[in-house]
Amino acid sequence: MGAAAYKGAETTGFQSPAQDHVEAVPDLADLLELRRPQRYAVRVKGEGLRKRGIHGGDILVVNTDAEPRSGKVCVAFLHGDVVLAILTERDGQWWLEPSNDTPQPVSDETGVWAMIAALVRTDV
C-alpha cells in the first residue's frame, strides 16, 4: 500500500478574517480616464521638474482638452522640442517656464499641447 496523493479535498484551516474587506483590483484605465480620446499617457525623461515631484520614468496622464491653468505643469512645444514646463499667466500674457531654459511667452513658435492630469510612478 503506497502513500495517498494529496488532492486538496481534505484541506483544513479557516477562512481569512480579511476576506470581507478585500477590494476588487482597481482598473487604472477607468481611474485615470484613459479611454477618453483627449487623454494620453506619456513617460517623463529627465529630472528637470523633480522639485515639482515629477521624476524621470514617471508616467504622466495628459489632457489635451483641459483649460490652461496658471501655476500648473503642461506639455508644451518650445522651438520644435516637446518639453514639460510650468504655465504661468502674468499681466494677461501666458508664459512657459521650462526647467532648463528662461521663461518663454506662448506665441506662434511655442504652445501648450496638454495639461497634466495625473501622475503614475512605477518605481518608488
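Arg-39 is buried, with a relative accessible area of 12%, which puts this residue under the 20% cut-off. Even so, the side chain of Arg-39 meets that of Glu-33 in a salt bridge, with 3.4 Å from N to O. Please keep in mind that this is a predicted model. Below you will find the charged pairs, then the sheet and its hairpins, and then two surface patches.

**Salt bridges**

- A search of the whole structure turns up seven salt bridges, and the Arg-39 to Glu-33 contact is one of them.
- Glu-33 also meets Arg-36, side chain to side chain, in a salt bridge of 3.1 Å from N to O.
- How exposed are these two partners? Glu-33 counts as partly exposed because its relative accessibility is 35%, and Arg-36 is partly exposed too, with a relative accessible area of 30%.
- A separate group is worth a look as well: Asp-27, Asp-30 and Arg-35 are joined into one network by salt bridges that share partners.
- Within that network, the side chains of Asp-30 and Arg-35 meet at 2.5 Å, N to O.
- Arg-35 is exposed, since its relative accessible area is 58% and the cut-off for exposed is over 50%.
- As general background, side chains of opposite charge can pair when their charged atoms come close.

**The sheet as a whole**

- Seven strands make up an open sheet, and their order is S1-S2-S7-S3-S4-S5-S6, with antiparallel pairing.
- Which strands sit at the edges? They are S1 and S6 (104-105), each of which pairs on one side only.
- At the S1 edge, five bridges join S1 to S2, and the two strands run antiparallel.
- One place to find this pairing in the structure is Arg-43, whose bridge partner in S2 is Ile-59.
- In general terms, strands of a sheet pair through backbone hydrogen bonds, either parallel or antiparallel.

**Two hairpins that share S4**

- S3 (residues 72-78) pairs with S4 (residues 81-90) in the antiparallel sense, over seven bridges.
- Cys-74 has Ala-85 as its bridge partner in S4.
- S3 and S4 form a hairpin with two residues between them, and His-79 in the turn has a positive phi of about 55°.
- On the other side of the story, S4 pairs with S5 (residues 93-98), again in the antiparallel sense, over six bridges.
- Here the bridge partner of Glu-89 is Trp-94 in S5.
- S4 and S5 form a hairpin as well, with two residues between them; the turn residue Asp-91 has a positive phi of about 55°.

**Surface patches**

- Which residues form the positive patch? Lys-51, Arg-52, Arg-69 and Lys-72 form this positive surface patch.
- Arg-52 is found in the loop between S1 (39-43) and S2 (59-63).
- With a relative accessibility of 38%, Arg-52 counts as partly exposed, and therefore passes the patch cut-off of over 30%.
- A nonpolar surface patch of about 390 Å² is made by Tyr-40, Phe-77, Val-82 and Trp-113.
- Tyr-40 of this nonpolar patch lies in strand S1, which is one of the edge strands of the sheet.
- Tyr-40 counts as partly exposed because its relative accessibility is 37%, so this residue also passes the patch cut-off of over 30%.

Conventions. Residues are numbered from 1 along each chain as its sequence is written. This is a predicted model: local features need pLDDT of at least 70, side-chain atom pairs count only at pLDDT 80 or more; totals for chains, interfaces and linings use all residues. Side-chain values use heavy atoms; hydrogens and water are left out. Patches are made of residues with over 30% relative accessible area and no salt bridge: like charges are joined within 9 Å, nonpolar side chains (Val, Leu, Ile, Met, Phe, Trp, Tyr) within 5 Å. Accessible areas come from the Shrake-Rupley method with a 1.4 Å probe; for residues, only the protein chains shown count as cover. A salt bridge is a side-chain nitrogen of Lys or Arg within 4 Å of a carboxyl oxygen of Asp or Glu. Lys and Arg count as positive and Asp and Glu as negative; His and the chain ends are not counted. The place of a charge is taken as NZ of Lys, CZ of Arg, CG of Asp or CD of Glu. Helices (H or I, at least four residues) and strands (E, at least two) are DSSP runs, numbered from the N terminus. Buried means under 20% relative accessible area, exposed over 50%, partly exposed in between (1.4 Å probe, protein chains only). Two strands pair if DSSP finds at least two bridges between them.
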